[in-house]
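I sat down with this one to see how its strands fit together and what lies around the ligand. Here are my notes, in the order I looked things up.

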Amino acid sequence: MFYETAQNKHGLKHDPYKALAVPRPIGWISSVSKAGVCNLAPYSFFNAISEKPHYVVFGSTGRKDSLTYIEETGDFVCNLATWDLREHMNTSSAMVPRGVDEFPLAGLTAVKSNLVQAPRVKQALAAFECKHYQTIHLPPATPEATSNAYMVIGRVVGVYIDDQFVKDGIVDTGAMKPIARLGYMDYATVTPEAMFSMRRPDVDAEGHIITVKRG
Ligand SMILES: Cc1cc2nc3c(=O)[nH]c(=O)nc-3n(C[C@H](O)[C@H](O)[C@H](O)COP(=O)(O)O)c2cc1C
């Protein structure tokens with residue numbers, strides 16, 4: 001099958017789009033308003049997009065509280081969503097009126113960040129402290145249509161890692177059991193059993209880039 005997204009006539013029970021961009025990491029975004037109200041919500045239109053410098057991006061469908069607060073105070077934190085915190089993460093996605101702090105609602109503790117005003121989730125095993133760089137209002141698919149898609153870009157200025165998960169100079173990602181979003185109501189978990197390694201053809205065992213001779 002094939003369909004054009006401008007009409008989006010896929011003929012299926014549900015839009016398959018998000019079931020095909022998988023697994024999506026969850027940016028569990030904490031922010032604070034100008035008035036000092038904390039906010040927490042998961043965003044699976046999320047990813048790291050660069051490492052030198054470090055940038056992340058998330059997509060907001062509409063100008064939600066996270067985006068509003070981030071623009072008010074200029075920063076945010078992306079907390080790592082993991083298996084043990086899955087219910088807390090889900091609870092924090094509840095559509096509550098603006099001004100309601102999702103931290104107590106989800107049974108979580110907000111703790112001070114190192115470099116940004118937005119708090120991080122104390123229970124989260126890792127977190128990126130970010131400064132807001134830019135919001136881009138993405139244009140609609142056709143001139144007649146409208147768009148409520150906002151791309152929020154942040155520069156990661158600090159990285160928190162729970163020391164228990166650093167072993168022999170390596171982050172034990174599998175032990176943290178991060179969760180990721182699939183389509184529909186589905187999620188995936190990253191576990192040691194699900195992980196595999198592969199070396200790039202132009203990188204040696206130490207991770208140095210080597211020149212591949214051709215011809
Ligand atoms: C796992 C998960 C992923 C989500 N991803 C997004 C997303 O990428 N973009 C979005 O606009 N909403 C997303 N949502 C919905 C928001 O979390 C929800 O609208 C929330 O109330 C927004 O909170 P805020 O207004 O405090 O920012 C997601 C919800 C869940 C449970």
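I began with strand 9 and strand 10 (residues 149-161), which pair in the antiparallel sense over 11 bridges. Strands pair in my notes if DSSP finds at least two bridges between them. Strands (E, at least two residues) and helices (H or I, at least four) are DSSP runs, numbered from the N terminus. Looking for the partner of Ile 136, I found Met 151 in strand 10.

A reminder to myself: this is a predicted model, where local features need pLDDT of at least 70 and side-chain atom pairs count only at pLDDT 80 or more, while totals for chains, interfaces and linings use all residues. Residues are numbered from 1 along each chain as its sequence is written.

Next I turned to the other side of strand 9. Strand 9 (residues 126-137) runs antiparallel to strand 6 (residues 75-80), and 5 bridges join them. Cys 78 stands opposite Phe 128 there.

I then traced the whole sheet. It is open, with 7 strands in the order 3-2-6-9-10-5-4 and antiparallel pairing. Strand 3 and strand 4 (46-51) are the edges, each with a single partner strand, so one side of each has no neighbour in the sheet. On average, neighbouring strands are turned by 30° against each other, direction ignored. For angles, axes are lines fitted to C-alpha atoms, for helices over the stretch in contact, and values run from 0 to 180 degrees between N-to-C directions.

At the strand 4 edge, I counted 5 bridges to strand 5, again antiparallel. Glu 51 stands opposite His 54 in strand 5.

What lies across the sheet? I found helix 2 across strand 2 (27-32), strand 3, strand 5, strand 6, strand 9 and strand 10, at about 50° to strand 2.

Then the core. A nonpolar core here is a set of buried Ala, Val, Leu, Ile, Met, Phe, Trp, Tyr and Cys residues joined through C-beta atoms within 7 Å. Buried means 20 or more other C-beta atoms within 10 Å of a residue's own, exposed means 12 or fewer, and partly exposed is in between, with C-beta atoms placed from the backbone. The largest core has 34 residues, and Trp 28, Val 77, Cys 78 and Cys 130 have the most contacts inside it. Strand 6 gives the most to this core, 4 residues.

I checked Cys 78 again, setting aside neighbours within four places in sequence. Its contacts (C-beta atoms, placed from the backbone, within 7 Å) include Trp 28, Val 56, Phe 128 and Cys 130.

On to the ligand. Which residues come nearest to the ligand? Of the 17 around it, they are Ala 41, Phe 45, Lys 64, Asp 65 and Ser 66; a residue counts as near if its C-beta atom, placed from the backbone, lies within 6 Å. Strand 3 supplies the largest share of this shell, 4 residues. Strand 3 (38-43), strand 5 (54-61) and helix 2 (65-73) each supply at least two.

Last, I looked at the second sheet. It is open too, with 3 strands in the order 1-13-14 and antiparallel pairing. Strand 1 (24-25) and strand 14 (187-189) are its edges, each pairing on one side only. Pro 25 stands opposite Ala 180 in strand 13.

How values were computed:
Two residues are in contact if their C-beta atoms, placed from the backbone, lie within 7 Å.
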